[in-house]
Amino acid sequence: MRTLNLRSSLLRGLSAGTAVAALASGLAACGSNSDAAGKSDSEAPGTVTVGAHSNGAAKEAALKVSEVKAISAELPKPIAKKGKLVIGVGALPTGSVPLNFVGDDQKTLTGAEPDFGRLVAAVLGLKPEVKNLTWENLFVGIDSGKVDAAFSNVTDTEERKKKYEFATYRQDNLGFEVPKKSTWNFDGDYRNLAGKTVSVSRGTNQEKVLLEWKAKLKKEGKDLTIKYYPDNNSVYLALNSGKIDAHFGPNPSIAYHTTHTANTPNATRGAGKFSGAGAKLQGLIAATSKKDSGLAKPVSEAVNYLIENGQYAKWLAAWNLSNEAVSTSKVNPPGLPLDNS
């Protein structure tokens, strides 16, 4: 598995405390709806700006992308009629750099995920409307029809396919983060977690994976303690103070944070990665919509258009996520197995 190679020049001038404080204060003031970086009404026609207000987490880029009528013609009639794509992002309460967070203007929702939702909306000829929600309410929004599609680091899983349909757009890799001085490494083996205390976010795919490992270790007569914290700031305070041995989360966020703290007293490092779909399958991140909505197919075709015409690679490069690229978008491919094997 590959690691993210974040350019240090993009991170210059940021301290860990400053970044966490900015995210916390900005998102605390942000309700269920949030401005999206580079809104279409402030851009030239046929242009989507990615990486705006990123506070150094991305290199801003204006990408040329316009409606592809052969793809937009396949939209479900209700969405085509309203002329907008309601994009759900589960960034509350504190977001997750570089995927989704409140930007340096303290109000704009930015990040790789909302940016990509806006690119897809442009191909579909729809006005993007971004809603900022908690992770749990993200799915409530899809269920109720208030959100058309989630672009929020959602893993394609067989369990979720019972209620949702997917259009994949990025690799899903999970990672472990430890203090730099720690000698522990995951090494791809859950048995190395025996006796450790690890934090994880509730309701996430990484929690599902970690709970499965905990159950396996229990059968072997070994312990794994799992801790939950309300936000990233609390996680890193616990990690720095030794209350937890490691944090298990999305690889992009961990890769960003380890680079960001490299020259600070609280430096951390990556201690191993794991596919979000388990040991036998590469996990995939997907745009998530209500099952049988008919939205996954045109969204997937929009992603493939962006891949084929270069905007996809430029979006990934802007957010330093090039090594999580997929060669093609697929509709409902095999996802995280029900047994997490």
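**Salt bridges and nonpolar cores**

Let me start with one residue, D143, which is partly exposed, with a relative accessible area of 28%. Please keep in mind throughout that what we are looking at is a predicted model.

D143 has a salt-bridge partner, K163, and the closest N and O atoms of the two are 3.1 Å apart. K163 is likewise partly exposed, its relative accessible area being 44%. If you trace the chain, you will find D143 in helix α6, which covers residues 135-144, while K163 sits in the loop between β8 (149-150) and β9 (164-179), so that this pair, 20 residues apart, links distant parts of the chain.

A search of the whole structure finds 14 salt bridges, and I will go through a few of them. One of them joins E159 to K162, with the closest N and O atoms 3.2 Å apart. Here E159 is partly exposed, with a relative accessible area of 36%, whereas K162 is exposed, with a value of 52%.

Now, are the partners E324 and R170 buried or exposed? E324 counts as buried because its relative accessibility is 1%, under the 20% cut-off, and R170 counts as buried because its value is 0%, again under 20%. The side chains of these two residues meet in a salt bridge of 2.7 Å, N to O. This pair also links distant parts of the chain, since E324 lies in the segment after α11 (311-318) and R170 lies in strand β9, 154 residues apart. Besides such pairs there is a network of salt bridges, in which E74, K297 and E301 are linked.

Let me turn to the nonpolar residues. The largest nonpolar core has 48 residues, and those that touch the most other members are F116, L119, V120, F151, V299, W315 and W319. Several elements give two or more residues to this core, namely β2 (47-50), β4 (84-92), α5 (112-123), β9, β14 (283-290), α10 (296-308) and α11. Which element gives the largest share of this core? That is α5, from which 7 residues come.

To see what this looks like around one residue, take V299: leaving aside its neighbours within four places in sequence, V299 is in contact with V120, L124, F151, A167 and A287. Finally, there is a second, separate core of 19 residues, which includes W184, F186, V209 and F274.

Note on methods
Residues numbered from 1 in each chain as written. Predicted model: local features only at pLDDT ≥ 70, side-chain atom pairs only at ≥ 80, totals over all residues. Heavy atoms only, no water. Salt bridge = Lys/Arg side-chain N within 4 Å of Asp/Glu carboxyl O. Helix = DSSP H or I, 4+ residues; strand = E, 2+ residues; numbered from the N terminus. Buried < 20%, exposed > 50% of the residue type's maximum accessible area, 1.4 Å probe, protein only. Core = buried A, V, L, I, M, F, W, Y, C linked by side-chain atoms within 4.5 Å. Contact = heavy atoms within 4.5 Å.
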